[in-house]
Amino acid sequence: MRELGTYAKNSWCPGCGNFAILNAVKTVLREIFEGGECPSENIVLVSGIGCHAKIVDYLNINSFYSIHGRVTPVAEAIKIAKGHLKVIGFAGDGDAYGEGLEHLIFAAKRNIDITMLIHNNRVYGLTTGQYTPTSPLGFRGRSTPSGTNELPINPLELMLASGATFIARGYSNRMDLLKDVIKEAIMHKGFSLVDVLQVCVTFFNLYDYYNQKVYALKQHNFSDYNEALKKIREWDYNTDAPVALGVFYKKDSPVFNEKFTVKEISVSQRKKKVREMLEGLV
Ligand code: SF4
């Protein structure tokens, strides 16, 4: 069995919710490999910029460090070029819901078969505590010492409206549920997004708040769009409403990447093409 840990020294703060995501992903990948659902060499991880991004350093799986806001297009490109791979993107809330939001919307609209795991700690942790698109109104951080004047976005509502075919929420302090939704998202055929409430203990410690508010969805009809919307709207990332965890929406739909046929060419053919291109320039 492949060892999933690496020699990289972990530099997350003690108590950070990223540890839970790392452990959940490790458990899920182990189950997938042992169950023969996908060989380890067919998994590719993509991360962005932020505390979350280090997760790929701690997993012994093929990975690609992309740049801020660009996890989704890199994951999409890998999937289009090599359709047999399972591509899992990791992004922070600032990364995916701020700079990278338009990519996320179009990936959902296309229903490309990738999984996006969002480490949503609702603060920029790596840059020491600025507000993000999901910080609540009045959030006092390094860039807003008097409190923000903006309401947060509800990313799951946006994903539903954009056409995502799998939408779920997990919490870094509810491990079993987190593992279940991550596995289901990875195995889903089509665009899947899991918004993980990942607590940043250093700059926005929401453990007490979430521990009181979260509950697991039960008897929820995830194939019903209107019911999903109702549950997604129950908590808008700003009010004190209960916070539902689990799968909100799921449906089967044709996937974008299967509409392409990418012609595989050998290295020597590729070199020949480059040579011809260069010769054409002179
Ligand atoms: Fe985790 Fe926050 Fe520390 Fe970053 S700053 S490692 S998100 S606790």
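**Figure 1. Tyr-171, a buried ring in a predicted model.** Let's start with Tyr-171, which is buried: its relative accessible area is 0%. Keep in mind throughout that this is a predicted model. Eight aromatic pairs turn up in the structure. In one of these pairs, the ring centres of Tyr-171 and Tyr-210 are 5.3 Å apart and the planes meet at 70°, so this pair is edge-to-face. The two partners come from distant parts of the chain, 39 residues apart: Tyr-171 belongs to strand S5 (residues 166-171), while Tyr-210 belongs to helix H7 (residues 207-213). Like its partner, Tyr-210 is tucked away, and its 1% relative accessibility makes it count as buried.

**Figure 2. Trp-235 and Tyr-237, a stacked pair.** Here the two ring planes are at 25° to each other and the ring centres are 4.4 Å apart, so Trp-235 and Tyr-237 count as stacked. Is Trp-235 buried or exposed? Trp-235 counts as buried, because its relative accessibility is just 1%. Tyr-237 is buried too, with a relative accessible area of 0%. Zoom out a little and you can see one aromatic cluster, made up of Tyr-171, Tyr-209, Tyr-210, Trp-235 and Tyr-237.

**Figure 3. The ligand and the residues around it.** Which residues surround the ligand? Going along the chain, they are Trp-12, Cys-13, Cys-16, Cys-51, Asn-121, Gly-125, Gln-198, Cys-200, Val-201, Thr-202 and Phe-203. Sort this shell by character and you get seven nonpolar residues, four polar ones and no charged ones. As for the space that the ligand takes up, it is the second largest pocket.

**Figure 4. Arg-110 over a ring, with Asn-111 next in the chain.** Arg-110 lies over the face of Phe-256, and its distance from the ring centre is 5.5 Å. Now look at Asn-111, in the loop between helix H4 (101-110) and S4. Asn-111 is not a glycine, and yet its phi is positive, at about 55°. With a relative accessibility of 4%, Asn-111 counts as buried.

**Figure 5. Thr-128 and Pro-152, two residues of one loop.** Where is Thr-128 found? Thr-128 is part of the loop between S4 and H5. Its phi is positive, about 75°, although Thr-128 is not a glycine. Thr-128 counts as partly exposed, because its relative accessibility is 30%. Pro-152 also sits in the stretch between strand S4 (115-120) and helix H5 (155-162). At 12% relative accessibility, Pro-152 falls under the 20% cut-off, so it counts as buried. Pro-152 and Leu-206 are 54 residues apart along the chain, and 16 Å separates their C-alpha atoms.

**Figure 6. Ala-216 and Leu-177.** This last view takes us to strand S7 (residues 214-216), where Ala-216 lies. Ala-216 counts as partly exposed, at 32% relative accessibility. How many residues apart in sequence are Ala-216 and Leu-177? They are 39 residues apart in sequence, and in space the distance from C-alpha to C-alpha is 8.0 Å.

Terms used. Residues numbered from 1 in each chain as written. Predicted model: local features only at pLDDT ≥ 70, side-chain atom pairs only at ≥ 80, totals over all residues. Heavy atoms only, no water. Near = heavy atom within 4 Å. 1 Å grid on protein atoms, 1.4 Å probe; cavity = no way out; pocket = protein on both sides within 12 Å on 5 of 7 lines; lining within 4 Å. Sits in = over half its atoms within 2 Å of the grid points. Nonpolar A, V, L, I, M, F, W, Y, C, P; charged D, E, K, R; others polar. Phe/Tyr/Trp six-rings, centres within 6.5 Å; stacked < 30°, edge-to-face > 60°. Helix = DSSP H or I, 4+ residues; strand = E, 2+ residues; numbered from the N terminus. Buried < 20%, exposed > 50% of the residue type's maximum accessible area, 1.4 Å probe, protein only. Lys NZ or Arg CZ within 6 Å of the ring centre and 35° of its normal.
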